[in-house]
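Me: Please take a close look at the membrane-annotated part of this model for me, and then show me what else is worth knowing about it. I am new to this structure, so a guided tour would be welcome.

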Amino acid sequence: MLQSLAGSSCVRLVERHRSAWCFGFLVLGYLLYLVFGAVVFSSVELPYEDLLRQELRKLKRRFLEEHECLSEPQLEQFLGRVLEASNYGVSVLSNASGNWNWDFTSALFFASTVLSTTGYGHTVPLSDGGKAFCIVYSVIGIPFTLLFLTAVVQRVTIHVTRRPVLYFHIRWGFSKQLVAIVHAVLLGFVTVSCFFFIPAAVFSILEDDWNFLESFYFCFISLSTIGLGDYVPGEGYNQKFRELYKIGITCYLLLGLIAMLVVLETFCELHELKKFRKMFYVKKDKDEDQVHIIEHDQLSFSSITDQAAGMKDDQKQNEPFVTPQSSAQSDSPTSP
Amino acid sequence: MPHAGLCSCWGGRVLPLLLAYVCYLLLGATVFQLLEKQAEAHSRDQFQFEKLRFLENYTCLDQRALEQFVQVIMEAWVKGVNPKGNSTNPSNWDFGSSFFFAGTVVTTIGYGNLAPSTEAGQVFCVFYALVGIPLNVVFLNHLGTGLRGHLATLERWEDQPRRSQLLQILGLALFLTLGTLVILVFPPMVFSHVEGWSFGEGFYFAFITLSTIGFGDYVVGTDPSKHYISVYRSLAAIWILLGLAWLALVLPLAPLLLHRCSQLWLLSRGFGLKEGGAPKTDGLHRPQKIPISA
């Protein structure tokens with residue numbers, strides 16, 4: 001009996017370490033994947049961008065030479081070329097020549113926006129090779145990103161949501177639902193101020209012509225992965241430490257996305273919301289396995305949250321401290 | 001019996017949801033149109049004025065004047081004004097386009113060729129997305145779940161003869177192929193024909209759209225020199241929603257189908273039902289992880 005207990009605890013220890021190792025490899029692999037994408041994008045796109053730039057410069061010189069006899073169709077043609085180029089993120093303005101759209105940090109930024117499906121569109125792959133690679137890269141990369149985010153969010157939620165709620169519940173004996181609601185609202189406020197208001201203030205200082213509302217708008221459009229691309233930071237003409245700035249923004253976007261998902265999951269775990277969500281789903285008379293398959297949805301926030309909830313119920317069996325509560329909680333995805 | 005439950009559910013819950021969803025899209029389109037149209041007209045007029053003045057004194061044109069002019073053009077371009085052609089171009093914020101924009105916001109595609117430029121429009125966009133994105137997720141989720149629930153009735157296969165199994169899997173394959181053809185392959189061909197893109201570009205556009213990345217380098221219905229039918233962009237928005245729902249259905253199904261095929265292959269190789277049944281429970285556990293990594 002004692003032997004078997006010790007054995008099981010040993011196994012449990014190994015299991016937990018293995019999970020940590022796997023997680024470490026996952027993080028490393030994810031970072032490597034981002035860097036790899038940045039390298040390929042950079043090497044594929046930089047020559048083409050250079051070509052386009054030279055072409056534009058030549059066009060402009062010719063235009064300046066013969067502007068005395070300028071006529072409407074010529075002007076229209078010129079404008080067409082300028083806009084086509086600006087659509088791809090190349091500017092003909094002379095003071096814009098310092099910034100490359102496809103240097104390494106920008107390509108990294110681009111890769112991260114592709115994988116999070118934000119897609120600002122301020123820089124896009126120009127060559128056919130770049131487009132084909134973009135498709136392949138995101139076919140592999142987006143599910144990978146989802147997997148990564150799921151793993152991270154699952155771990156963060158345990159420490160940020162489950163533990164504190166349980167602690168308050170046990171220590172002071174508040175009702176669990178009340179604690180959960182108060183905690184969710186507080187977490188929401190903290191996250192909004194940390195990932196929306198503070199960055200918005202920072203952006204409105206760093207970017208020349210953004211006011212606070214525009215910065216806040218940018219933060220929201222980015223973290224909701226809409227990514228309209230009408231405001232993109234780091235595109236000004238005279239910015240110092242542009243590389244550092246771009247990397248900082250990339251980190252901010254990833255962290256912000258994780259924070260958003262954690263908040264979302266915290267809210268999704270609220271009992272009232274769960275009941276509300278259940279209203280829309282099909283009544284289940286299948287066994288648990290099928291329910292798991294059916295509930296997951298690709299490419300959406302809820303897939304991550306559902307997945308994480310399912311995983312956590314599994315993992316909770318391994319935590320002796322949490323075990324008494326698991327029966328109360330584990331009714332989440334399956335109860336009718 | 002699960003059939004009946006499903007049907008009542010479809011009638012009772014989905015219809016109001018669908019209605020609310022469509023109404024929400026229409027509301028968004030209307031409000032965006034109201035907020036943005038005037039600003040767009042103003043910006044367009046200003047741009048036309050700039051252009052005329054440029055044409056007036058281009059004989060004494062120098063570098064700086066040109067630079068300033070180009071800068072103005074770029075700013076106009078960012079705001080969605082196309083300076084080519086004349087001022088009678090169709091508006092960027094007419095109803096069809098507003099609808100298209102609302103669709104791209106709630107699905108988080110966000111092309112960015114249209115973006116609200118007034119403060120009010122930006123604020124509204126934030127709140128619109130705040131409600132619209134979860135709604136969109138619930139909607140697509142439900143659509144996928146319902147269709148997949150239909151297909152899950154195929155789970156009870158053990159008590160059926162092998163021939164009908166084969167028929168069913170053939171039917172399923174036909175359904176999936178046809179759906180993919182109609183929803184994922186055919187529309188990009190139409191788009192590339194209408195817009196004058198190559199098929200590769202059309203496919204790239206479809207992929208960037210349905211993966212909700214949405215760069216906005218290729219967007220349907222933006223060429224000012226073409227005459228589109230008036231509902232073209234709305235049809236495009238509906239295609240996007242259909243495509244997303246189809247993907248939500250198909251992507252989690254793929255591992256299940258693969259497993260089924262391998263099981264059928266095993267059966268046809270002459271293994272007994274008992275042996276074929278054993279890996280089934282195994283395989284049903286596995287897709288829990290696969291849908292997110294596949």
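Reply: Let's start with the record: an unreviewed UniProt entry lists residues 21-44, 135-157, 178-203, 215-232 and 244-264 of chain A under "transmembrane region". Its positions are given in the numbering used here, feature names are shortened, and annotations may be inferred rather than shown by experiment. This is a predicted model, where local features need pLDDT of at least 70 and side-chain atom pairs pLDDT 80 or more, while totals for chains, interfaces and linings use all residues. Residues are numbered from 1 along each chain as its sequence is written, chains are lettered from A and ligands numbered from 1 in the order written, and side-chain values use heavy atoms, without hydrogens or water.

Two of the listed stretches are good places to look. Residues 178-203 of chain A are 100% helix and 0% strand (DSSP runs numbered from the N terminus: helices are H or I, at least four residues; strands are E, at least two). The C-alpha atoms at the ends of that stretch are 37 Å apart. Residues 244-264 of chain A are also described as 100% helix and 0% strand, and here the end C-alpha atoms lie 30 Å apart.

Now zoom in on a single residue, His183(A), which sits in helix H5 (residues 176-206) of chain A. Is His183(A) buried or exposed? His183(A) has a relative accessible area of 14%, so it is buried (under 20%; exposed is over 50% and partly exposed lies in between, with a 1.4 Å probe and protein chains only). Setting aside residues up to four places away in sequence, the contacts of His183(A) (heavy atoms within 4.5 Å) are Val160(A), Thr161(A), Pro164(A), Val165(A) and Thr266(A).

Earlier in chain A comes helix H3, residues 104-115. With twelve residues at 1.5 Å a residue, H3(A) should span 16 Å (1.5 Å times one less than the number of residues), and because its end C-alpha atoms are 16 Å apart, the two values agree. H3(A) is mostly covered, with eleven of its twelve residues buried. Among them are Leu108(A), Phe109(A), Phe110(A), Val114(A) and Leu115(A), along with Thr105(A), Ser106(A) and Ser112(A). After H3(A) comes Thr117(A), whose phi is positive, near 55°.

Chain B makes a good next stop. Chain B holds nine helices and zero strands, so from the N terminus on you will read α-α-α-α-α-α-α-α-α. Of the 294 residues in chain B, 50% are buried. Among the chain B contacts with a separation of 6 or more, 73% join residues 24 or more positions apart.

For chain B, UniProt (again an unreviewed entry) lists residues 87-145 and 180-251 as "domain: Potassium channel". The second of these spans, residues 180-251, is 67% helix and 0% strand, with its end C-alpha atoms 11 Å apart.

Two residues of helix H5 of chain B round off the tour. Met189(B) has its place in that helix, and with a relative accessible area of 43% Met189(B) is partly exposed. Ser192(B) is found in H5(B) too, but Ser192(B) is buried, with a relative accessible area of 6%. Which residues does Ser192(B) contact, leaving aside neighbours within four places in sequence? Its contacts are Trp197(B), Ser198(B), Phe199(B) and Gly202(B).
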